[in-house]
Amino acid sequence: MKLKHITFAIAGCAIAFAAFAANNNVIEEVAWMVGDQPIYKSEIEEAYQQMLYEKTPVKGDPYCVIPEQLAIEKLFLHQADIDTVEVHESLVAQQVDARINYLISNLGSQEKVEEYFRKPMAEFRQQMTESMRNQYRVAQVQRDITKNLKVTPSDVRKYFNNLPEDSIPYIPLQVETEIITINPKIPQQEIDDIKARLRDYADRVNSGEAQFSTLAILHSEDGSSVRGGEIGFSGRGSLDPEYAAVAFNLNDPKKASKIVESQFGYHIIQLIEKRGDRVNTRHILLRPKVSEAELTVAVSRLDSLRTLILDGKYTFEEATYVSQDKDTRNNHGRMVNPENNSSRFEMAQLPQEVAKVVNDMQVGDISEPFIMKDPKLNRDIVAMVKLTARIEPHKASLSDDYQVLKGMYENSARQKLVSDWIEKKIKDTYVKIEDNWIDCEFEHEGWLKIRK
């Protein structure tokens with residue numbers, strides 16, 4: 001079993017519920033001790049059942065693989081305690097909500113989830129939260145271990161030259177595109193209506209007529225609405241500047257703030273708690289909607305621009321000066337793939353609406369204007385794209401696919417750094433393994449050397 005499988009399994013919810021085994025009324029049987037942390041036989045079994053449900057592949061005997069994964073997780077979490085690694089509780093809550101909603105959708109109801117995992121939802125959510133929090137803390141420790149990794153073209157070339165022929169990746173269809181976008185004007189009446197609603201909510205909170213969290217659940221258009229608008233402890237740098245400016249100046253937890261305009265829409269905010277340079281708040285977000293009339297105007301404007309480009313009055317690149325997305329406008333319209341920082345996209349990596357349009361285009365074609373969701377602002381915009389390159393599926397080469405091969409090398413080098421760290425950590429940690437596990441084949445031999 002390769003290290004990447006170990007770290008993936010650690011990061012997933014298949015490692016769930018370990019922290020709560022000791023809360024059972026039944027005396028637990030300990031399988032391993034890692035430092036002063038036990039690994040119970042019940043957690044191994046529970047994790048295995050979770051992996052079966054999720055159809056998570058296990059290379060090897062699951063009763064050997066899973067306890068090693070749990071033991072490695074405890075090594076990372078011990079380091080996280082030493083480094084005082086913290087996580088944004090809002091991110092944890094979002095992931096837990098998404099995970100529980102996925103399970104409810106697949107199993108049919110909350111009751112079915114409780115029946116399958118043999119736990120009431122409150123306990124299940126608590127355990128899932130602890131598991132997800134651990135996932136983020138483990139990931140941060142791994143990032144710290146690999147943060148000083150440096151990669152040179154010479155490293156990538158040597159790595160590629162040493163790859164076995166059957167390990168050279170097959171690259172699927174890729175495209176390069178340029179884009180022009182227009183954000184249709186939002187009618188002032190729509191903005192006024194949004195502000196009036198928020199003022200009403202603030203007045204009801206400030207007068208004691210309503211709870212802020214209840215109004216957030218009922219009306220907020222942010223994902224945090226399911227938590228009563230709470231976003232968790234955050235520093236200034238992780239918040240929208242306009243939001244942060246107000247949030248950090250709040251002092252009365254019973255009052256709602258004035259209306260705040262950010263890039264995401266309009267908010268009112270309530271303070272929950274301050275801790276040094278971090279603040280926990282809840283908010284209600286309302287997003288003004290673009291009218292059909294304004295969308296039609298924006299489509300017409302881009303359609304006229306497309307005609308001028310096709311008539312040779314401008315090139316597509318020259319016309320990008322009208323684009324209202326600054327990232328692509330400053331790059332002459334070129335879209336950059338955030339996953340690898342290159343201009344190449346697999347079709348699945350493009351925004352859904354762009355991929356649908358590009359799929360039927362030839363190199364050099366310019367699409368008709370179309371409506372799409374801005375992935376950052378979650379509002380309707382109008383776009384027009386040009387297909388500048390189509391790279392057919394092929395086996396990777398150093399000249400054509402350097403970024404892909406660089407990514408492969410970086411992953412390999414990171415895995416080596418993490419694996420070396422684990423080996424050293426095992427040697428420095430007290431480990432006791434019960435006799436039933438001495439015949440296991442582990443990824444890291446240090447466990448059994450300690451056992452012997």
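At what angle do helix H3 and helix H6 pack, and how far apart are their axes? I would like to open with that question, and before answering I should say that what we are looking at is a predicted model.

Helix H3, which covers residues 62–82, and helix H6, which covers residues 121–146, pack at an angle of about 75°, and their axes lie 9 Å apart. Angles of 65 to 115 degrees count as roughly perpendicular, and H3 and H6 are therefore described as roughly perpendicular to each other. If you look at the residues that make this contact, H3 contributes Glu73, Phe76, Leu77, Gln79, Ala80 and Asp81, and these meet Asn134, Arg137, Val138, Val141, Gln142 and Ile145 in H6. Sorted by class, the contact of H3 with H6 has 6 nonpolar, 3 polar and 3 charged residues.

A second helix pair is arranged in another way, and here I turn to helix H8, residues 188–206, and H9, whose axes come within 9 Å and cross at roughly 155°. Since angles over 145 degrees count as roughly antiparallel, H8 and H9 are therefore roughly antiparallel to each other. Tyr201, Arg204 and Val205 in H8 are the residues that meet Phe212, Leu215 and His219 in H9, and by class this contact divides into 4 nonpolar residues, 1 polar and 1 charged.

Let me move on to the sheets. There is an open sheet of 4 strands, with the order S5-S8-S7-S6 and antiparallel pairing. At its edges are strand S5, residues 230–234, and strand S6, residues 260–262, each of which pairs on one side only. Neighbouring strands of this sheet are turned against each other by 40° on average, if direction is ignored. Helix H9, residues 212–219, which we have just met as the partner of H8, also packs on this sheet, where H9 touches strand S7 (265–275) and S8, and its direction makes about 45° with that of S8. Within the sheet, S5 and strand S8, residues 278–286, run antiparallel and are joined by 4 bridges, and Phe233 stands opposite Asn280 in S8.

There is also an open sheet of 3 strands, in the order S2-S1-S13, again with antiparallel pairing. Strand S2 (37–40) and strand S13 (431–433) stand at its edges with a single partner strand each, so one side of each is left without a neighbour in the sheet. From one strand to the next, the twist averages 20°. Strand S1, residues 30–34, pairs with S13 in the antiparallel sense over 3 bridges, and Met33 is the residue that stands opposite Lys432 in S13. Lying across S1 and S2 is helix H2, residues 41–54, which runs at about 55° to S2.

Finally, I come to the pockets, and specifically to the largest pocket, which has a volume of about 570 Å³. Its lining is made of 20 residues, and the closest to the centre are Asp325, Asp327, Asp374, Pro375 and Lys376. Which elements supply at least two residues each to this lining? They are strand S4, residues 174–182, and helix H13, residues 326–329, and the largest share, 3 residues, comes from H13. By class, the lining has 8 nonpolar, 6 polar and 6 charged residues.

To bring the helix pairs together once more, H3 and H6 are roughly perpendicular, whereas H8 and H9 are roughly antiparallel, and H9 in turn packs on the sheet that contains S7 and S8.

Technical notes:
Residues are numbered from 1 along each chain as its sequence is written. This is a predicted model: local features need pLDDT of at least 70, side-chain atom pairs count only at pLDDT 80 or more; totals for chains, interfaces and linings use all residues. Side-chain values use heavy atoms; hydrogens and water are left out. On a 1 Å grid over the protein atoms alone, a cavity is a set of points where a 1.4 Å probe fits but cannot get out, and a pocket is an open set with protein on both sides within 12 Å along at least five of seven lines; lining residues have an atom within 4 Å of a point. Grid points are joined across faces, edges and corners, and a volume is the space filled by probe spheres set on the points. Ala, Val, Leu, Ile, Met, Phe, Trp, Tyr, Cys and Pro count as nonpolar, Asp, Glu, Lys and Arg as charged, and the others, Gly among them, as polar. Axes are lines fitted to C-alpha atoms, for helices over the stretch in contact, and angles run from 0 to 180 degrees between N-to-C directions. Angles under 35 degrees count as roughly parallel, over 145 as roughly antiparallel, 65 to 115 as roughly perpendicular and the rest as oblique. Contact means heavy atoms within 4.5 Å. Two strands pair if DSSP finds at least two bridges between them.
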